[in-house]
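Please look through the model below before reading the comments.

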There are 2 protein chains.
Amino acid sequence: LNEPLDEVIKLLARLPGVGRRTATRHAYTILRRGEAYGLELAEAVSRLVRETKLCERCHNHAAEALCRTCTDTKRDARRVCVVQTPPDVSAIESSGAWDGVFHVLHGVIAPLDGIGPGDLKIHELIGRIGAEPIEEVVLATGASVEGEATALYISRLLSDSVAVTRLARGLPAGSDLEHMDAPTLARAFEGRAAL
Amino acid sequence: LNEPLDEVIKLLARLPGVGRRTATRHAYTILRRGEAYGLELAEAVSRLVRETKLCERCHNHAAEALCRTCTDTKRDARRVCVVQTPPDVSAIESSGAWDGVFHVLHGVIAPLDGIGPGDLKIHELIGRIGAEPIEEVVLATGASVEGEATALYISRLLSDSVAVTRLARGLPAGSDLEHMDAPTLARAFEGRAAL
């Protein structure tokens, strides 16, 4: 192949789930689409990494000092949903299930990986509880061991000053009982509610 | 989301097999990798579309007036492999099955899509036969109806002036008979050879 093509393939192949084969296909598609598309893509990627910073309040990605959610006056700023990563915010926003604001921890407590509370935006969360009129903190870390442990840790720090809740665990929508794993079934029985 | 992120997701989602979900994951990965990777990718894509042209001899993508294969003196320039597209050249090169040169048609004859011989680099191929010391033309268009028809068309044009061959059809390597389609089996029987 020629050198610019090799270079694009090498870089695209570093994206998750993109092997050399897919990267090659993408590089040829970019060429086939013509110069305008390629230049637009290059400029967009360059702008993305140059202009994206962390929101001063919620620590999600933002193009300005504050992100769109934090500056949106229609959001309920009294309720904060605490998540692990920026993509978690995207997933929740796409679901339309939440009209409060967010706080991004940028990870979970994982002692085996050397990640302690001080490596996350937990201190900043405590700061927000004191400074903003927050009434409820919804802990929306993952349902993994680390996610649960992080939720428990934050809950202990905050439960004296604010209402702390955790996302429900149970059967995912559309699921068959037959294919559910034991921990999910156990949680679903524990959390059963009157109809 | 914020605007630069939306823009990158929108553009990546136009690549084949990349939906909004995958594009979103890629965009977040680019951010997570840090500014250096993103800028390198942007520059590589930009260079790719700005600097890539078609080789004056074989019409494959090239960074210079002639591509790497056409300027490689170790290639057997007396044998030309005719393919539909630039990615076909990559596939053949990766296989190591060919040490001759190439000619890229940039498509196949497809009357239903309004693509006739004049839309392909067939005229240029005929020109090469006259101008270069070519002894064999291997027709490596696809085994589709259009690929076969295009091979037949070119074969009729060239067979008086040069040896014209076609890639063998038969069982793909590693295949089970049980899962082969009827046309593949029919071709494999037709082309059977003494052991």
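The numbered points take up symmetry, the nonpolar core and strand pairing in turn.

1. The model is predicted. Chain B superposes on chain A with an RMSD of 0.1 Å after a rotation of 180° and a shift of 0.1 Å along the rotation axis. This relation is that of a two-fold axis. Both copies use the same surface, since 100% of the contact residues of chain B recur in chain A.

2. As for the axis itself, Ala42(B) is the residue of chain B that comes closest, with its C-alpha at 2.0 Å.

3. The largest nonpolar core comprises 38 residues. Ile30(A), Leu41(A), Ile30(B) and Leu41(B) have the most contacts inside this core. At least two core residues come from each of helices H1 (3–12), H2 (20–33) and H3 (35–51) of chain A, and likewise from each of H1 (3–12), H2 (20–33) and H3 (35–51) of chain B. In soluble globular proteins, nonpolar side chains tend to be buried together.

4. What does Leu41(A) touch, leaving aside residues up to four places away in sequence? The contacts are Ile30(A), Leu11(B), Leu12(B) and Val45(B).

5. In chain B, strand S3 (residues 76–83) runs parallel to strand S4 (residues 100–104), and five bridges join them. Asp76(B) has Gly100(B) as its bridge partner in S4(B). With helix H5 (residues 86–95) of chain B, S3(B) and S4(B) form a right-handed β-α-β unit.

6. S3(B) is also joined by four bridges to strand S5 (residues 136–139) of chain B, again in parallel. Here Val82(B) lies opposite Leu139(B) of S5(B).

Conventions
Residues numbered from 1 in each chain as written. Chains lettered and ligands numbered in written order. Predicted model: local features only at pLDDT ≥ 70, side-chain atom pairs only at ≥ 80, totals over all residues. Heavy atoms only, no water. Core = buried A, V, L, I, M, F, W, Y, C linked by side-chain atoms within 4.5 Å. Buried < 20%, exposed > 50% of the residue type's maximum accessible area, 1.4 Å probe, protein only. Contact = heavy atoms within 4.5 Å. Least-squares fit on C-alpha atoms with pLDDT ≥ 70 in both. Pairing = 2+ DSSP bridges. Right-handed = clockwise from strand over helix to strand, strands pointing away.
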